[in-house]
Amino acid sequence: MTAELERITAIGGPDRARIFVPLADGTDHLIIDTARLPSNKEHVALQFRPGTAKLFDPDEALRPFGLTPAERDVAAFLLEGATAREIASARRSAPDTVRAQVKSIYAKLGIGSRTELLRRLIPYFC
């Protein structure tokens, strides 16, 4: 964590960042939000706050987009990096069914890739 914090707070580091630090007992996290001060880019404000072990619920985050329960399930697998074949195997469905669901997910969210899916859901993290 020290190296990551040093990278973020170094001159020329990102304007904003978030670090998740697991607590020793493994039940929760400490969340450190950093923001470079607009008046002096050499200074960084740090905000420390408690987090929870479950930082992100894809089902809850995807609900407002009008996805079906099956599409929300497929999207959660996509966020974990699973392929269509892996998703189909886990869900006991055909890969073509999963591909159709992925196409529907992308259309409903107005996106075209997994990267865009992640970007769309970033505000729902923590």
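Is E71 buried or exposed? In this predicted model, E71 has a relative accessibility of 6% and therefore counts as buried. The side chain of E71 nevertheless takes part in a salt bridge with that of K108, with a nitrogen-to-oxygen distance of 2.8 Å. Because K108 belongs to helix 5 and E71 to helix 3, the pair ties together parts that lie 37 residues apart in sequence. K108, at 38% relative accessibility, counts as partly exposed.

The structure holds 4 salt bridges, and two others can be described alongside the pair of K108 and E71. A salt bridge joins D73 and R91, whose closest N and O atoms are 2.6 Å apart; this pair links distant parts of the chain, since D73 is in helix 3 and R91 in helix 4, 18 residues apart. D73 is partly exposed, with a relative accessible area of 32%, and R91 is likewise partly exposed, with a value of 25%. Within helix 5, D96 forms a salt bridge with R99, the closest N and O atoms being separated by 2.9 Å, and these residues, 3 apart in sequence, are separated by about one helical turn. Here D96 counts as exposed, at 57% relative accessibility, whereas R99, at 43%, counts as partly exposed.

Helix 4, which spans residues 84-91, has A84, I87 and A88 among its buried residues. Seen down the axis of helix 4, the buried residues fall within an arc of 100°, so they line one face of the helix. On the other side of helix 4, R85 and S89 are exposed. The cover over the buried residues of helix 4 includes helix 3 (69-79), helix 5 (95-109) and helix 6 (114-121). Helix 4 is followed by R92, whose phi is positive, near 55°.

The strands form a separate topic. An open sheet is formed by 3 strands in the order 1-2-3, with antiparallel pairing. Strand 1 (16-22) and strand 3 (40-50) stand at the edges, each with a single partner strand, so one side of each has no neighbour in the sheet. From one strand to the next, the twist averages 20°. Strand 1 pairs with strand 2 (residues 29-37) in the antiparallel sense over 7 bridges, and I19 stands opposite I32 of strand 2.

Strand 2 also contains R36, which counts as buried at 8% relative accessibility. The side chain of R36 reaches the backbone oxygen of A10 at 2.8 Å, and a polar atom of that side chain lies 2.8 Å from the backbone oxygen of K41. Leaving aside neighbours within four places in sequence, the contacts of R36 include I8, G12, P14, D15 and H43.

Terms used: Residues numbered from 1 in each chain as written. Predicted model: local features only at pLDDT ≥ 70, side-chain atom pairs only at ≥ 80, totals over all residues. Heavy atoms only, no water. Pairing = 2+ DSSP bridges. Helix = DSSP H or I, 4+ residues; strand = E, 2+ residues; numbered from the N terminus. Axes fitted to C-alpha atoms, helices over the stretch in contact; angles between N-to-C directions. Buried < 20%, exposed > 50% of the residue type's maximum accessible area, 1.4 Å probe, protein only. Arc of directions from axis to C-beta. Contact = heavy atoms within 4.5 Å. Polar contact = N/O pair within 3.5 Å; in protein donor to acceptor, adjacent residues only side chain to side chain.
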